[in-house]
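Let us walk through this structure together, one region at a time. Please keep the 3D view open as you read.

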Amino acid sequence: MAELNLILLGPPGAGKGTQAERITEDFNLPYIATGNILRAAVAEGTPLGVKAKTFMDAGALVPDDVIIGVILERIASGDARDGFLLDGFPRTVPQAEALATEFEGLGRSLTAVLLIDVSDDEVVRRLSGRRVSAKTGRVYHIEFDPPKNEGVCDVDGSRLIQRDDDKPETIKKRLAVYHEQTEPLVAFYSELGILRRFDGARPPAEVHDHIRAQIATLRLEDRI
Ligand code: AP5
């Protein structure tokens, strides 16, 4: 069977992390999330983290030359050689072009780009209520997906925190950056015929059902 090489695309707060948790489990795929990789680097104070922190705190993108090498290396490594779910990369046209060049060289191809669509108003509502486990990264929402006990992760009892970039002014900046720098990728991947669009305003379980069905269809078509 061909590799399942998937990209999750969508504005901040569309539910990419929420869906990724389910899709990686369904299809047993390694999950490569640039935001998580960068936040871990910041927490550990690595050279990558030091470079990334000011950009992230301001709601801006980390420069292409900082992120491209890190992610391409990760995709070419061990577990991702047979397929992956990529979340948060590419986020600019130069990043998409770098990925395309790398894949051409390796004789690999993307299976699909899964676009989760939501309005700006919904993004603001979701991100201001988001809480994340400090330890596992498991995502909650104080209203739409609350933990059983307030402020505590259901899975391992760790403390739930609010991300630094989930403050109202930073959310607005991240949305503006998305529309300006990342949204052009919708046309980029549409032209390649691999974009699949999902209504992210539906409840998480429904969005998941639609994505899973679409991936299952792609797999079936591949086998025929
Ligand atoms: P990153 O961590 O990738 O942030 P993001 O793309 O802004 O996405 P989020 O994680 O905020 O949202 P999500 O779509 O995963 O939503 P979630 O599932 O949590 O990147 C952070 C920063 O890193 C960037 O700003 C940038 O600085 C840097 N960076 C990363 N990649 C980079 C790159 N390639 N180049 C340069 N810089 C880069 O859901 C949100 C909330 O909504 C949750 O509370 C959830 O419970 C709730 N929710 C989810 N789905 C639903 C639903 N269907 N209905 C109701 N509520 C829902």
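A polar contact here is a pair of N or O atoms within 3.5 Å. With that cut-off in hand, and bearing in mind that this is a predicted model, we can begin at the ligand. One of its oxygen atoms sits 3.2 Å from a polar backbone atom of Ala-14, so this pair falls within the limit for a polar contact. A backbone atom also takes part at Arg-202, where a polar one lies 2.8 Å from a nitrogen atom of the ligand. At Arg-126 the partner belongs to the side chain instead: an N or O atom there is 3.3 Å from a ligand nitrogen. Stepping back, you will find 35 residues surrounding the ligand, and the closest of them are Thr-18, Ala-60, Arg-91, Arg-130 and Arg-174.

Next, please turn to the helices. Two packed helices are described by the angle between their axes and the distance between the axes. Helix α2 covers residues 34–44 and helix α3 covers residues 47–57; their axes are 8 Å apart and the packing angle is about 110°. The two helices are therefore roughly perpendicular to each other, and α2 and α3 cross in a left-handed sense. On the α2 side, the contact is formed by Gly-35, Leu-38, Arg-39, Ala-41 and Val-42, while α3 contributes Leu-48, Gly-49, Ala-52, Lys-53 and Met-56. Sorted by class, the residues of this contact are six nonpolar, two polar and two charged.

Helix α2 has another partner, helix α4 (residues 64–76): the axes of α2 and α4 come within 12 Å and cross at roughly 110°. Again the outcome is a roughly perpendicular pair, therefore α2 and α4 can be pictured that way. Here Thr-34, Ile-37 and Leu-38 of α2 meet Ile-67, Val-70 and Ile-71 of α4. This contact holds five nonpolar residues and one polar residue, with no charged ones. Notice that Leu-38 is listed in the contact with α3 and also in the contact with α4.

Between α3 and α4 runs a loop, and Leu-61 is found in it. Which residues does Leu-61 contact, leaving aside its neighbours within four places in sequence? They are Phe-55, Arg-91, Thr-92, Val-177 and Gln-181. For Thr-92, the C-alpha atoms are 9.1 Å apart, although 31 residues separate it from Leu-61 in sequence. Arg-91, another of these contacts, is also one of the residues closest to the ligand.

Now follow the chain to helix α6 (residues 120–128) and helix α7 (residues 168–182), whose axes come within 10 Å and cross at roughly 135°. That angle makes α6 oblique to α7, and the crossing is right-handed. Asp-120, Val-123, Val-124, Leu-127 and Ser-128 from α6 meet Ile-171, Arg-174, Leu-175 and His-179 from α7. By class, this contact has five nonpolar, two polar and two charged residues. Arg-174 of α7 takes part in this contact and is also among the residues closest to the ligand.

Finally, two backbone details deserve a look. In the loop between β3 (83–87) and α5 (93–106) you will find Pro-90, and the peptide bond leading to it from Phe-89 is cis, with omega near -5°. The loop between α1 (16–27) and β2 (31–33) holds Asn-28. Asn-28 is not a glycine, yet its phi is positive, at about 55°.

How values were computed
Residues numbered from 1 in each chain as written. Predicted model: local features only at pLDDT ≥ 70, side-chain atom pairs only at ≥ 80, totals over all residues. Heavy atoms only, no water. Axes fitted to C-alpha atoms, helices over the stretch in contact; angles between N-to-C directions. Helix = DSSP H or I, 4+ residues; strand = E, 2+ residues; numbered from the N terminus. Parallel < 35°, antiparallel > 145°, perpendicular 65-115°, else oblique. Left-handed = near helix turned anticlockwise from the far one by under 90°. Contact = heavy atoms within 4.5 Å. Nonpolar A, V, L, I, M, F, W, Y, C, P; charged D, E, K, R; others polar. Near = heavy atom within 4 Å. Polar contact = N/O pair within 3.5 Å; in protein donor to acceptor, adjacent residues only side chain to side chain.
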